[in-house]
Amino acid sequence: MTADLNEDHAARAAPPDARLLTASSLPRRAFHELAFFLDLDGTLAPIVPTPDQARIPDATLSLLERLYVACAGSVAIVSGRDAADIDRLQAPLSLPYAALHGAQIKGPAGRTESIEVPPDELAEIIARIESVAGRLPGAIVERKALSVALHYRNAPRHEAEIRQLAASALAGHGAHFEVQEGKMVVEIKPRGASKGAAVERFMRIAPFQGRTPVFAGDDLTDESAFRIINAMNGISVKIGAGPTQALWRLDDPPALSAWLGSLFQTHAAAAAADTIKDRK
Ligand SMILES: O=P(O)(O)OC[C@H]1O[C@H](O[C@H]2O[C@H](CO)[C@@H](O)[C@H](O)[C@H]2O)[C@H](O)[C@@H](O)[C@@H]1O
């Protein structure tokens, strides 16, 4: 069993005790005290039938821009997607991000960091997967810079074969790669890449350092980040149903947008109250 499958087990074993997050659940904190880490698919962008149909709604992009300004740059996307996809999906914004489940990081000053994997091994894995997936109607192979995802959302009857294919493609490459399960997808990613490690990395650098981290995510890959966030006394938010290590829960991407919007309303109301107090 790989580390990530263990994470899967840990998530399933956790009691379903994440509490519903509302506008008044948390003590009020100023934006300059907070750092936001947001997953992409299923969190900022609703889940859709194929990866290339995914979009971050314009209203969410506007909210992210306001948040970025309010937090003086302490907002990052933390995704399993390829860097090029994150650039495309967040345009016209250019928030810092972790791509490929944390294997690559683009920091606040645009500096990039990356895990390295042997390119010939990745090419072998992809060739093996593509040679079989082509015979499974509906299966989608998503090639990424350091990994490959095998989607079965449109080929649910082939789930078992697809999982088996990922396991067999990994054989002989386990020193550098590992399996990452996700929503109707099985991926082969660089060994050791994790969203938790990416969040820890961001939290060691300005402007994130010293703030209370907030992480929202919907999938198994987000569980490593929830654990790190909890250990940092941060705010971990699971989007959607399912067992989780997160302490808070929101129903879906629109609920996350509404909660982020409510932070601005609370902030504005508090500022107005302070002004009235000052005048008295
Ligand atoms: O960490 P994330 O930003 O959530 O990325 C996880 C994977 O998301 C994408 O796949 C998922 O979303 C697709 C679009 O909604 C959906 O069709 C698919 O079934 C989901 O698994 C993306 O394609 C992957 O590369 C990401 O790793």
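In what order do the nine strands of the open sheet stand? In this predicted model, the order is β1-β13-β12-β11-β2-β3-β4-β5-β6, and the pairing within this open sheet is mixed. Another open sheet, built of four strands, has the order β7-β8-β10-β9 with antiparallel pairing. The domain assignment divides the protein chain into domain 1 (3–21 + 31–115 + 193–279) and domain 2 (119–190), and the ligand lies between these domains, because both of them give residues to the shell around it.

**The nine-stranded sheet**

- The strands at the edges are β1 (19–20) and β6 (112–114), each of which has a single partner strand, so one side of each is left without a neighbour in the sheet.
- Strand β3 (residues 75–78) runs parallel to strand β4 (residues 97–99), and the two are joined by two bridges; within this pairing, I77 stands opposite Y97 of β4.
- Helix α6 (residues 195–202) packs on the sheet, where it touches β2 (34–38), β3, β4, β5 (104–106) and β11 (212–217), and the direction of the helix makes about 160° with that of β3.
- Helix α7 (residues 223–231) also packs on the sheet, touching β2, β3, β11 and β12 (235–239), with a direction that makes about 155° with that of β11.

**Strand β2 and its partners**

- Five of the five residues of β2 are buried, so this strand is largely enclosed by the rest of the structure.
- Both faces of β2 are covered, since the buried residues include L34, F36 and L38 on one side, and A35 and F37 on the other.
- With β11, strand β2 pairs in the parallel sense over five bridges, and F37 stands opposite F215 of β11.
- With β3, strand β2 again runs parallel, here through three bridges, and the bridge partner of L38 in β3 is I77, the residue that also stands opposite Y97 in β4.

**Arg249 in strand β13**

- R249 lies in strand β13 (residues 248–250), and with 21 C-beta neighbours inside 10 Å it counts as buried, because the threshold for that class is 20 or more.
- Although R249 and A18 are 231 residues apart in sequence, their C-alpha atoms are 5.6 Å apart in space.
- When neighbours within four places in sequence are left aside, the contacts of R249 are A18, R19, L20, L21, V237 and K238.

**The four-stranded sheet**

- The edge strands here are β7 (140–143) and β9 (177–182), each of which pairs on one side only, and neighbouring strands of this sheet are turned against each other by 20° on average, direction ignored.
- Strands β7 and β8 run antiparallel and are joined by four bridges, with V141 standing opposite L150 in β8.
- Helix α4 (residues 119–133) lies across β7, β8, β9 and β10, and runs at about 20° to β8.
- Helix α5 (residues 159–170) packs on the sheet as well, touching β8, β9 and β10, and its direction makes about 15° with that of β10.

**How the two domains meet**

- The centres of domain 1 and domain 2, taken over C-alpha atoms, are separated by 26 Å, and the contact between the domains takes 20 residues from domain 1 and 18 residues from domain 2.
- On the side of domain 1 that touches domain 2, the largest share comes from helix α1 (residues 3–13), which gives four residues.
- By class, that side of domain 1 has eleven nonpolar, five polar and four charged residues.

**The shell around the ligand**

- The ligand is surrounded by 24 residues, of which the closest are L40, D41, P51, S79 and G80.
- The elements that give two or more residues to this shell are β8 (148–151) and β10 (185–190).
- By class, the shell around the ligand has nine nonpolar, seven polar and eight charged residues.

Conventions:
Residues numbered from 1 in each chain as written. Predicted model: local features only at pLDDT ≥ 70, side-chain atom pairs only at ≥ 80, totals over all residues. Pairing = 2+ DSSP bridges. Contact = placed C-beta atoms within 7 Å. Axes fitted to C-alpha atoms, helices over the stretch in contact; angles between N-to-C directions. Near = placed C-beta within 6 Å. Nonpolar A, V, L, I, M, F, W, Y, C, P; charged D, E, K, R; others polar. Domains from an automatic or database assignment. Buried ≥ 20, exposed ≤ 12 C-beta atoms within 10 Å, placed from the backbone.
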